[in-house]
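Work through the exercises below with the sequence and the model in view. Each task is followed by its solution.

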Amino acid sequence: MDSGERRSKETNSLRRAETCIQGHNGSGSVFISGCNLRCVFCQNHDIAHQRNGFDLTPEELGDWYIKLQEVGRVHNINVVTPEHVVPQIALSVLHARDKGLRLPVVYNTSSFDSLDSLKLMDGLVDVYLADFKVWDRASSKRLLKADDYAAAARESVKAMQEQVGDLCFTADGIAKRGLLVRHLVMPGREHEGAAIMRFLAEHVSRDCFVNIMEQYYPDAYVGKKKRGKRQGDEQPGDDKVRYGDINRAINDGEISFVRKAAEESGLWRFNDPPKHDGFAI
């Protein structure tokens, strides 16, 4: 990755973060290596698809939460992609609370969770920060490498809502409890985004706090050269890169389509920039 690509990725990561999670002091993000999905466009694939990092016991991980609280003075502990190590995360939170953890715990998930694992986190999680990626089964199999992601995500998001309810805030606009759902608008898949918005309004809550994200940046395997064809073997019209249909930025029309569907379904709490100097509540 060259310096320009790195800057774009870092800027994109910053834009992804919600103000009510980041606040003034930042969020204490703890990235868990590995992931139970294999999204071909993953922007953290060096962490999610590989085992970069180091091994910690649940107690050692809990001690890091305390360091983030006391030294980093962050607003929350933000555990990213924990779906495949839920028992260990539960133990780490319990250990940290015994050691004096006072911060809200944010469970930052793809929503490809089991209901049993979410039951295990009931009472330990304050804020569920849940992605809802795609709606169609074909998109799930091709882009996430999961047979039916949306079916699992629907049940997971409803269970999260039942546990923590609609998102609520401190007096200075920091999320303290509830559900926040993210949807990354993807090229040519605005109809899937619209279906997700209708589901949230009809089956979760019309007061659901939603972040319709515009910062799609193809990474991981998207746009990489196709394998298996020798140079000179390509036929006219061949797409020479992998997943060429999503190897582009999204456009204003796709973003507007999803936002309009959300508003028409009754959703009204969006992660928009504040129209004042404070936070968006």
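**Exercise 1.** Which residue just after H5 takes a positive phi?

Solution. Gly100 does, with a phi of about 110°. Helices here are DSSP runs of H or I with at least four residues, strands are runs of E with at least two, and both are numbered from the N terminus. This is a predicted model, in which local features need pLDDT of at least 70, side-chain atom pairs count only at pLDDT 80 or more, and totals for chains, interfaces and linings use all residues. Residues are numbered from 1 along each chain as its sequence is written, and side-chain values use heavy atoms, with hydrogens and water left out.

**Exercise 2.** Compare the expected span of helix H5 with the distance between its end C-alpha atoms.

Solution.
1. The expected span is 1.5 Å times one less than the number of residues.
2. Helix H5 covers residues 86–98, 13 residues, so the span should be 18 Å.
3. The end C-alpha atoms of H5 are 18 Å apart, which agrees.

**Exercise 3.** List the buried residues of H5 and name elements that cover them.

Solution.
1. Buried means under 20% relative accessible area, exposed over 50%, and partly exposed in between (1.4 Å probe, protein chains only).
2. In H5, Val86, Ile89, Ala90, Ser92, Val93, His95 and Ala96 are buried.
3. Their cover includes H4, strand E2 (77–80), strand E3 (105–109) and helix H6 (115–121).

**Exercise 4.** Is Phe54 buried or exposed?

Solution.
1. Phe54 lies in the loop between helix H3 (45–48) and helix H4 (58–72).
2. The relative accessible area of Phe54 is 59%, so Phe54 is exposed.

Methods
Contact = heavy atoms within 4.5 Å.
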